[in-house]
Amino acid sequence: MAALGARRLLRPGWRWFSEAAPGAPSPPVSPLYPPVVASITAKSKAAKWRRLERFKQRVHAAATVEEKLRLYGKLQRPKYMVYPQTFALNADRWYRSFTKTVFVPGMPPRAAAAKPPVAAAGATPEASRAPEPGAEAPGAAEAQGPAKSTEPAAGVAPYLDVGDLRSLAFDALLQESFYQNKKRPFLYRDQDHTPGPFLTQLVSTLAAFLSGRNPLLAASSLDLKPEVNYYWHHGEEVVVHGHRKGRVDPVRFQIDDNPHLQIRVPEQLPEVVPLESDLGDVPVIDHKPSKLPLFKKQYENKVFIGSKVADPCCYGHTQFHLLPDKLKRERFIRERLEDQIEVVYRSNGIASLFAWTAAQAMYQGFWSEADVTRPFVSQAVVTDGKYFAFFCYQLNTLALTAETIKNNPRKNICWGTDSKPLYDVVEDGKVKGFNDEVLLQLVRFLLNRPRVV
Amino acid sequence: LFPGVRQAQWLTKTKLVEGLPPAVQAIMDNPALGLQELEERVKHAVSHARLWDTAEVAPRREQYCPVLFENLIHICRLMSGKYPSLSKRMLARNCRIAVTWERESILLQVRGLSGILMNSMSPIPPVASQEEILATREHVLETFYPIAPTIDLQEVNVYKELNDTGKSCCFRDGYPYSHPHTLFFLESANVRTNRFRPEQLRAKMLMFAFGNALAKAKALHGNDPKVLEQPIVVQSVGTDGQLFQFMVFQLNTTDLVSNDGVKNLVWIDSDQNLYEKAQCVPEVKKRVVTKPAGIFGFQPDTFKKFLALYLHGTV
């Protein structure tokens, strides 16, 4: 007995007071001391890291999107102002490196189901004037005259008459440039005099005309001269002078853009390619951004898509940009910089669309620490009244800060065309050399909508 | 124009009828338009213009008045999905108008920027029937003796009487959208004294509608004063962002020298509120939210009248 008792006493791991039942789990071992973490207020790298973590937790835990945006842009420091419409040489390479964008020339391959394949017929309008026999659209007035293209499968009134579209474009152009008696344009304000009103008229009449086919357009919101702003960090630099000299700071950028016209919709456009696709390389530039030239200023960090967060039309569809007089083609030709003409269009497309899509993503609650889970797609048309260039942008990632970009394989993608003229010249009430392709591309842009699943 | 519409009536030899004409009322009451679904969209349009359009807290009138107008016109234009003939309309901004006429040996002229004009390819059919036109013969224009009817008008030496639509009405010949349809006036000055009072706005609308109609009549029928077989109808909408004034003007005669005979007709629907109040920031009294942010007192009827005037002539 005594030996049994002694063995029980000597068995290791067993307590010898009677409270502990053999099968019960031992109570959780509460830490005897608080966790050892870096201090919040010390002047050390660990303390800075902890402060950053606390800030990120605050933004993650913000209740509403407005609160998130407010906290995101709370700290004001000098930042680079990025202008989408700029005369800087090779600005589009720099902008691509700031926004981690891959540029793919040409338009994205559209799935055939989503668009009326207007180009599938291939023939010129004159050739297809012969009325197609199956062309009875139920009661639709659009079926007056010859039909040109069909919408596969589901269309109720499927035929789109290029003649109608062309006459709309002609009327808008002639009204603004020929029929309406206007005074002479103000100095250096040629763009406000004719191309601006022409663009407004054209887009609003086309959008109204096509709203019967695209229910997204019927629920859209058209804005004239809205504001689009976006603020982000990319890369790191050492502060050069001032009381913060020597500290490592993120490089801050802000885009403040004023497109001529904006169409916002309540539903998102579908993705063009999957989120993780890699279509090219992002240029790496070893110089400081100020070499572009880009200048720093400190002011409010705004993130804005064109209307506040409460608006139901919170996704973007298409934007229209008008190039100012400063950047007209004749100036570049005079200074023997012909290759920079396309650069102007591209940099405008990339910068404006990045700002717009990123601001849309922020309105949905994503930011650089909480990267987007679905791609955001928007379109833009950059024009100077006669030459049109089309761009489509897919935002795959917002994580551009120095630490989040390390393990981020995703890149944003921008498809763009070269600028093509819509017409040659307007004389005596007639438009000469009208280019149907440009108009059809514009119509295709306006008809873009989420695929009906 | 001090006594406002009454003076304008005398100057243009017009008889006033309250309310909108029955043709427009019929469009409004037509259930096929689907006006109920549009209510939601109009509310969004108003909220967008008054609350959401700017990165600041509240947009000012110079900003929200044109934005509200653009949004409403956008909604109206989208109806052309249902009525394809609506695409035969074109908006012209910053239109200048210059028209002269004689009124009891006083030469009068309307000149200036006439707001935003909407033109269409086909004219609006006359709104009043023949009997009503003939009945205006009995109507006596009220005069305000001893105040001369030309009070508050600027006296100018005119060396060239401009009348034809060609040079004065800002469009060249051969313009396909040659019939003026509706004039829009936006009172968007920030300071209240720079804006027109509703009475004066109505008078301004009447004068410009008359001017456009007269210019079109002279272009169609020549300069001789006579009674028109096909009366010309021009509509007019004026707003300051919240109050709307609707007007339909029918020009029956260009014989304006004498005081009797057939008169012109105008239907006016005045002071229609689209919404009572737009609260940008919630009103908080003693830590309790008394009024949340949003639009209060929304009246869909005002938009129905706007849309009916827009669709008039094609439906």
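On the surface of chain A in this predicted model, four residues that carry positive charge, A:K43, A:K48, A:R51 and A:R247, gather in a patch. One of them, A:K48, belongs to helix α2, which covers residues 45-60 of chain A. With a relative accessible area of 42%, A:K48 counts as partly exposed, because this class lies between the limit of under 20% for buried residues and that of over 50% for exposed ones.

Helix α2 of chain A also holds A:L52, and this leucine takes part in a surface patch of another kind. Together with A:W49 and A:F55, A:L52 makes a nonpolar patch of about 270 Å². The relative accessible area of A:L52 is 33%, so this residue is partly exposed.

**Salt bridges**

Over all chains, a search of the whole structure finds 26 salt bridges. One of these pairs is A:D436 with A:R166, whose closest N and O atoms are 3.0 Å apart. This pair links distant parts of the chain, since A:D436 is in helix α11 (residues 436-446) of chain A and A:R166 is in helix α5 (residues 162-179) of chain A, with their positions 270 residues apart in the sequence. Are the two partners buried or exposed? A:D436 has a relative accessible area of 18% and is therefore buried, and A:R166, at 17%, is buried as well.

A second pair in chain A is formed by A:R244 and A:D249, with 2.8 Å between the closest N and O atoms; here too both residues are buried.

In chain B, the side chains of B:R202 and B:E199 meet in a salt bridge with an N to O distance of 2.9 Å. These two residues are three apart in helix α6 (residues 198-221) of chain B, which means that about one helical turn separates them. Their surroundings can be told apart by accessibility: B:R202 is buried, with a relative accessible area of 9%, whereas B:E199 is partly exposed, with a value of 31%. Salt bridges can also share partners, and in this way A:E53, A:K56, A:E369 and A:E403 are joined into one network.

The three pairs described above are set out here with their distances.

| Salt bridge | Closest N to O distance |
|---|---|
| A:D436 with A:R166 | 3.0 Å |
| A:R244 with A:D249 | 2.8 Å |
| B:R202 with B:E199 | 2.9 Å |

**Backbone features**

Most residues other than glycine have a negative phi, and most peptide bonds are trans. Against this background, a few places in the model can be pointed out. The peptide bond from A:L292 to A:P293 is cis, with omega near 20°, and A:P293 is found in the loop of chain A that runs between β6 (261-265) and β7 (296-297).

Where in the chain is A:N90, a residue other than glycine whose phi is positive, near 55°? A:N90 is placed in the loop between β1 (79-82) and α4 (91-99) of chain A, and its relative accessibility of 38% makes this residue partly exposed. In chain B, B:D271 likewise has a positive phi near 55° without being a glycine. The place of B:D271, however, is in a strand, namely β9 (residues 264-273) of chain B, and with a relative accessible area of 39% B:D271 is partly exposed.

The loop between β1 and α4 of chain A also contains A:Y83, which is partly exposed, with a relative accessible area of 46%. Although A:Y83 and A:D256 are 173 residues apart along the chain, their C-alpha atoms are separated by 7.0 Å.

**Chain B as a whole**

The secondary structure of chain B comes to seven helices and 13 strands, among them helix α6, where B:R202 and B:E199 lie, and strand β9, where B:D271 is placed. Chain B has 315 residues, of which 52% count as buried, and B:R202 is one residue of chain B that is buried. If one takes the contacts in chain B between residues at least 6 apart in sequence, 75% of them join residues at least 24 apart. The area that chain B exposes is about 14,100 Å², and carbon and sulfur atoms supply 52% of this area.

Notes
Residues are numbered from 1 along each chain as its sequence is written. Chains are lettered from A and ligands numbered from 1 in the order in which they are written. This is a predicted model: local features need pLDDT of at least 70, side-chain atom pairs count only at pLDDT 80 or more; totals for chains, interfaces and linings use all residues. Side-chain values use heavy atoms; hydrogens and water are left out. Patches are made of residues with over 30% relative accessible area and no salt bridge: like charges are joined within 9 Å, nonpolar side chains (Val, Leu, Ile, Met, Phe, Trp, Tyr) within 5 Å. Accessible areas come from the Shrake-Rupley method with a 1.4 Å probe; for residues, only the protein chains shown count as cover. Lys and Arg count as positive and Asp and Glu as negative; His and the chain ends are not counted. The place of a charge is taken as NZ of Lys, CZ of Arg, CG of Asp or CD of Glu. Helices (H or I, at least four residues) and strands (E, at least two) are DSSP runs, numbered from the N terminus. Buried means under 20% relative accessible area, exposed over 50%, partly exposed in between (1.4 Å probe, protein chains only). Contact means heavy atoms within 4.5 Å.
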